[in-house]
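Trainee: I should like to go through this structure with you, beginning with how its helices pack.

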Protein chains: 2
Amino acid sequence: MITLEKIHAAKRRISSYIYETPVIRLNGLDHLLGCHVYIKAENMQKTNSFKIRGALNKMLSMPLEQLQKGVVAASSGNHGKGVAYAAKLLNSKATIVLPDSAPTIKVEGIRALGAEVVQCKLAERHVVTEKLSRDHGYCIIHPYDDYDIMAGQGTAGLEILAQLPDVNTIVIPIGGGGLISGIATAVKSISPHIRIIGVEPAVISRYGKSFEAGERLLLKEQKSLADALLTLQPGERNFPIVQQLVDEVVSVDEALIHRGMKTLLSEGKIIAEPSSSIGIGAALQGILPISKNEKVCFLISGGNVELQQ
Amino acid sequence: MITLEKIHAAKRRISSYIYETPVIRLNGLDHLLGCHVYIKAENMQKTNSFKIRGALNKMLSMPLEQLQKGVVAASSGNHGKGVAYAAKLLNSKATIVLPDSAPTIKVEGIRALGAEVVQCKLAERHVVTEKLSRDHGYCIIHPYDDYDIMAGQGTAGLEILAQLPDVNTIVIPIGGGGLISGIATAVKSISPHIRIIGVEPAVISRYGKSFEAGERLLLKEQKSLADALLTLQPGERNFPIVQQLVDEVVSVDEALIHRGMKTLLSEGKIIAEPSSSIGIGAALQGILPISKNEKVCFLISGGNVELQQ
């Protein structure tokens with residue numbers, strides 16, 4: 001279970017290791033998005049994404065003996081980087097299972113943090129992860145379907161409440177549902193009137209479709225600009241939390257995800273991943289239930305994009 | 001003359017037309033720059049640079065009759081955009097004198113704000129500007145050598161003091177000296193212990209060289225990445241103010257200006273002009289007299305860079 005108390009405990013556990021990222025007022029976007037625009041800049045977090053919060057909370061909650069045996073995670077992106085960073089910090093050993101197709105820069109980035117990289121076919125990564133866990137006694141660090149992970153991500157919600165107490169609406173990208181589960185629990189426990197809106201790519205709206213069906217659907221693999229939001233099925237532990245606490249889940253077209261990122265770059269002067277800009281895209285698409293005088297905080301989940309300079 | 005009272009008056013005059021830009025904590029840069037890093041994000045200002053502050057203060061201080069005759073400014077960059085924007089806002093008419101070499105995007109951007117564009121040879125722009133002023137009665141809006149302009153730019157200093165009252169050092173790019181004159185006057189009048197450091201390109205260190213010589217030197221034209229800081233001579237009205245109030249002026253190598261911009265992009269996730277990143281470059285070069293526990297606010301003067309996406 002995840003509770004406000006567990007999120008407070010997570011905050012005490014991880015706060016000396018992470019950044020309190022800024023909430024930034026982006027005046028220049030107001031007329032484009034139709035609200036008072038704020039961002040919670042987790043693209044400026046350590047490892048450049050929020051994932052470090054959950055990874056650290058999980059690993060700091062483990063018995064030391066288990067931590068010393070090592071951890072394993074399947075992820076080609078931000079979760080892998082977060083786990084590798086946390087393992088280095090806590091003198092554990094991380095093995096990150098990456099698909100063969102992972103770009104060299106990500107492989108090298110994770111290796112540079114001291115983690116071992118195992119590559120396999122994309123479809124086999126969970127089997128490989130479980131085998132590594134069985135063979136070596138590594139603890140699997142799931143990217144979202146875990147209460148300690150959710151509690152860690154929820155600390156971003158506590159920060160938003162402290163930094164922008166009169167926020168009206170918080171807009172959060174959804175993949176498996178770890179981040180939004182944590183933030184919604186924190187925010188709704190303290191200020192139930194603050195609206196929480198989830199945003200997922202229209203091409204793979206696993207939450208929207210599952211809500212319609214009344215159960216967790218497993219969707220087919222898709223491509224999206226929002227490469228961190230490609231999870232095929234809502235997390236088992238996340239689904240009921242999102243169902244209960246999130247006010248609305250909207251889905252955004254690819255063209256708007258692209259426009260969201262461009263707008264954040266050209267008007268906001270902020271670099272974010274496409275997956276992070278999806279909320280901005282939703283506002284541009286006009287599908288967020290927000291109004292002109294509302295303070296809306298867009299959670300910018302990560303900033304790991306390659307820059308050509 | 002420029003006084004604190006004139007800067008307060010400028011703030012009252014312009015504040016409903018501009019943004020109070022955020023001061024942003026950039027934790028991720030601390031270990032690279034050797035201090036607690038904050039930026040004053042004027043790249044997020046209207047017209048994406050601080051220049052709108054001075055332009056608006058100047059034009060709102062003019063007799064209405066003069067404003068209605070129109071204004072003229074020589075600038076291929078941010079000052080031209082600021083003047084064009086202010087003229088549109090105040091129902092005046094702006095003519096911006098641009099060099100033949102100005103990139104189409106800048107010409108179009110200024111035209112899009114409703115300003116008339118006159119192009120001529122770079123060396124002739126001041127002659128052309130003065131002729132336009134004489135022929136049509138346009139008031140010349142100087143980019144820096146004007147007390148109303150300085151007072152307008154100084155409002156950014158008042159904001160920094162309110163947003164980060166315990167700042168230790170403020171680092172400001174120097175071209176002609178308008179911005180630093182205004183901010184130094186505001187800051188030193190209120191909190192004389194706060195250090196003000198000016199930063200200029202080493203290839204054209206008109207302030208550093210003029211201080212050595214004891215008089216305003218006219219340097220030869222140079223190229224620099226910091227294309228907004230190419231002024232050949234300190235402003236006549238600015239020079240004594242900078243001499244009196246600024247604690248130190250340092251000059252930064254081209255390679256470090258480039259690294260400053262890249263660092264702000266890749267680690268800070270912030271898009272700024274090279275001219276704006278020069279202070280970050282100075283810190284990377286290790287030439288700022290700052291220490292680890294100091295709060296240092298880098299003024300990011302503009303964000304008008306072309307993005308290739």
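Mentor: In this predicted model, α8(B) and α9(B) are oblique to each other, because their angle falls in none of the other classes (under 35 degrees roughly parallel, over 145 roughly antiparallel, 65 to 115 roughly perpendicular). Local features need pLDDT of at least 70, side-chain atom pairs count only at pLDDT 80 or more, and totals for chains, interfaces and linings use all residues. Residues are numbered from 1 along each chain as its sequence is written, chains are lettered from A and ligands numbered from 1 in the order written, and side-chain values use heavy atoms, without hydrogens and water.

Trainee: At what angle do the axes of α8 and α9 of chain B cross?

Mentor: Helices here are DSSP runs of H or I with at least four residues, and strands are runs of E with at least two, numbered from the N terminus. Axes are lines fitted to C-alpha atoms, for helices over the stretch in contact (heavy atoms within 4.5 Å), and angles run from 0 to 180 degrees between N-to-C directions. The axes of α8 (residues 147-163) and α9 (residues 178-190) of chain B come within 7 Å, and they cross at roughly 45 degrees.

Trainee: Which strands are the edge strands of the open sheet in chain A?

Mentor: Two strands pair if DSSP finds at least two bridges between them. The 4 strands run in the order β5-β4-β3-β6 (chain A), with parallel pairing. Pairing on one side only marks the edge strands, β5 (116-120) and β6 (139-140) of chain A.
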